[in-house]
Amino acid sequence: MAELVNMGVSEKKATRDGFGNGVLELFEKNSNVVAVSADLSESTKLNLLSEKFSNRLFEVGVAEANMVGIASGLSIAGKIPFASTFCVFCPGRCYDQLRVTVGYGNLNVKLGSTHGGITVGADGASHQGLEDIALMRVLPNFTVLVPCDAVEAKKATIASAKIKGPVYLRFGRDKVPVITSEETHFEIGKALVFKEGSDVAIIACGIMVYEALAAAKKLQSEGIDAAVINLHTIKPIDEQLIIKFAKKTGAIVTAEEHQLHGGMGSAVLEVLGQEFPVPVKMVGIKDVFGESGSPAELMKKYGLTSEDIVKAVKEVLELKK
Amino acid sequence: MKSVQELKKTANQLRIDVVEMLAEAGSGHPGGSLSSAEIVTALYFDVMKHKPENPNWEGRDYFIMSKGHSVPVQYAAMARSGYFPVEELMTLRKLNSRLQGHPSRANLPGIETSTGSLGQGLSVAVGISLGLKLDKKQNRIYCLMGDGEQDEGQIWEAAMAAAHFKLDNLCGIVDANGLQIDGFTKDVMNIEPLAKKYDSFGWNVLEIKGNNMEEVLTAFEKAKTAKEKPTVIIAHTIKGKGVSFMENKAGWHGRAPTKEEAKIAVAELEKNG
C-alpha cells in the first residue's frame, strides 16, 4: 500500500502548481526541455520559467492549434516540449492537431492541460473541461495522466518527460488537499492502493481521490470496509490491479471530476466488463454542462462529494447481494 | 549536382511515376502532385541538404508536405533520390505499405510529420525552425502548402508566429494552382491578394511561375538570403500540369486515372519530356 500523509489535510495546493514546479525542475536539469504557451502562462504556471528560461519558453499568443503544431515541430527538432493551456482549449480546440500531428505521428509532445474539471468554478461551463479524458484516451499512442494532488502532479510531469511519446496530463485550478508525500511511489501505469478494503473498491482519479478517502473513512464508521485506489494513469490502464480488487471486493465504485460517458469510470468498466464483471456504480458528471459557482458549491450540486461516493457505495453493495 | 535540363527531366519522371502510382493504386490525387513536380524536384535534387540513406541525419534540411494529398510526388522524389527502391512506389495506398495515402511519419523514414488534415504543416515547420534556432543550427525548413489550404485559419496563426519569431530559416511554398475540390479557388473562397496577405503578416514574398524550373531554383536561392524574415514562394502552377486532359480541371483533384488513361498520360509526358 502506498504511503499516505496529511489525511488531516494541513496543506492545500492546486495540481497546476505541481505541474509548474515539475516543468521548472525539468528545465533546470535538461536543456532540451522547452515549453509552449498560449497566452495563459500565469494560469498554467509556465510563468515560473520566464525569469530564468525565457529563451526556452515560447509564447505563441491565443492560438492553441498553432501551439500544438509548434510543440510538435520542436519535438521533431529533438526537443522535449511541454505545451500548456486550459483543458477546454487543449484538447477542446485542437483535437485534430492532437490526432493527426501528435498522436498519429507518435511525437514526443507533452500536454499540460490545466483547469480541468468543474472546480474551475466561477468562469462557468465554457471553461470547465469535463470531456478531455474521454477525448484523449481514445487516441492511440497517448498516455493519459490525472494526478491526485500537487505533489503527485509534479512527479507525473517529471515522469512524462522520461517516456518517449505523447503524454496528456490533466491538472486542476483550485487548491485541493495534499494527500501524498515525496515518498509516495509514482510510476506511470501503476495504480496506487491508498487504502486497503474488502467490501468494495473505490477507484478514483484527480481530486476525487481525496473525496474517496474521505468517503472510505465515513464508511468505516458504519462498518463498511472500502478500498481506495488512485488510478492516476487512465492509459495505459492498470488492468491487473482493477481485476485484483474486483475479485477481492466484488463491487466497484468509480469517481471522477469528468463526464460519466467515456471517462475514467468507462475505462474501468471496459476492463471489468471483459475480464471480471462485478456490480459498478459511477460518480461523475451526468451528461450536463456545468455553471458558475464556487468549487465547493459545484461539487455538491453536481454530485462529486464524498457523500455522493458513500451513497454510490451503498447502492453498489445492494447490487452485490 | 544536376543541371537545370536534368532537373526538368527528373520533374517529368516524377510526373510519370505519379500517374503510374495512382493508376496502380486506383485512387489518389493527381492534380496537386503534378502541379508541384518542379518544386519538389528542385528541393530533393538541388536545394535541400539531405542523405537518403540516413533520413534522420542531423544536418538535413526539413521538408514538410503540409498538403498531404500530394504526397505521391514526394514519394516519387524520395524513391528517385534513393530513400527506398523505385519498385516500392507501386505499393502506394495498398495494405501493409509504408506509402500511406497521406504522409505518415511512423511508417516511412524521411516523412518528418504526419499530415492529411490541411493547415497543420506550417505550424510544425515553425516549431522545427524554433528548435533549430535554439541550437544555433543552420538547417533550413521547407513547407509545401496548397492554395486551397490557405483557407485554414491555422495557416495564419503559423504565419503570424513565423514572422514574430523572425524565422529566416523557414521557407513556405504555396502551390497556387488555382483549384480546390469544389472548384476554382477564387470562387470557393477567394484568398487573393495572397502575396499582400503574407507581406502584411511580415513575410518575404516571392511570386513565380512554379512550373518553370529556372524560376523555382532562383526563388529558393533568394529565399536563403532573407534575413530575420520567413520567406513564402507563391508558385503559380497549373493543376494536373503535363497531362493535357487533367490540366486545370478540379475533377482531377482527387480521382486516379484508369490504366488506359494512365497510358495516354504517360505517353504524353514521355513525348514532351
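Reader: What makes β9 and β14 of chain A the edge strands of their open sheet?

Author: In this predicted model, the sheet has 5 strands in the order β9-β11-β10-β13-β14 (chain A), and its pairing is mixed. The strands β9 (192–195) and β14 (280–285) of chain A each pair on one side only, and they are therefore its edges. Neighbouring strands of this sheet are turned by 25° against each other on average, direction ignored.

Reader: How do you know that β13(A) and β14(A) are paired?

Author: Two strands count as paired if there are at least two bridges between them. Strand β13 (residues 252–259) of chain A and β14(A) are joined over 5 bridges, in the parallel sense, so they meet that requirement. V253(A) stands opposite K281(A) in β14(A).

Reader: Which helix packs on this sheet, and what is its direction relative to β14(A)?

Author: Helix α12 (residues 306–320) of chain A does so, touching β10 (200–204), β11 (226–230), β13 and β14 of chain A. Its direction makes about 155° with that of β14(A). Since angles over 145 degrees count as roughly antiparallel, α12(A) is therefore roughly antiparallel to β14(A).

Reader: Why is α4(A) called roughly parallel to α5(A)?

Author: Helix α4 (residues 64–76) and helix α5 (residues 95–104) of chain A pack at an angle of about 10°, with their axes 10 Å apart. Angles under 35 degrees count as roughly parallel, so the description applies to α4(A) and α5(A). The contact is made by A65(A), V68(A), G69(A) and S72(A) of α4(A), together with Q97(A), L98(A), T101(A) and V102(A) of α5(A). By class, these residues are 4 nonpolar, 4 polar and no charged.

Reader: How is the pairing in the open sheet of chain B described, and what supports this for β6(B) and β7(B)?

Author: The sheet of chain B has 5 strands in the order β1-β2-β3-β7-β6, and the pairing is parallel. Its edge strands are β1 (62–65) and β6 (204–209) of chain B. β6(B) pairs with strand β7 (residues 231–236) of chain B in the parallel sense over 6 bridges; at least two are required, so this counts as a pair. N204(B) stands opposite T231(B) in β7(B).

Reader: What does chain B contribute to its contact with chain A?

Author: Chain B supplies 24 residues, and chain A supplies 23 residues. On the side of chain B, α5 (121–134) and α6 (153–164) each give at least two residues; α5(B) gives the most, with 10 residues. By class, this side has 10 nonpolar, 11 polar and 3 charged residues.

How values were computed
Residues are numbered from 1 along each chain as its sequence is written. Chains are lettered from A and ligands numbered from 1 in the order in which they are written. This is a predicted model: local features need pLDDT of at least 70, side-chain atom pairs count only at pLDDT 80 or more; totals for chains, interfaces and linings use all residues. Two residues are in contact if their C-beta atoms, placed from the backbone, lie within 7 Å. Helices (H or I, at least four residues) and strands (E, at least two) are DSSP runs, numbered from the N terminus. Ala, Val, Leu, Ile, Met, Phe, Trp, Tyr, Cys and Pro count as nonpolar, Asp, Glu, Lys and Arg as charged, and the others, Gly among them, as polar. Axes are lines fitted to C-alpha atoms, for helices over the stretch in contact, and angles run from 0 to 180 degrees between N-to-C directions. Angles under 35 degrees count as roughly parallel, over 145 as roughly antiparallel, 65 to 115 as roughly perpendicular and the rest as oblique.
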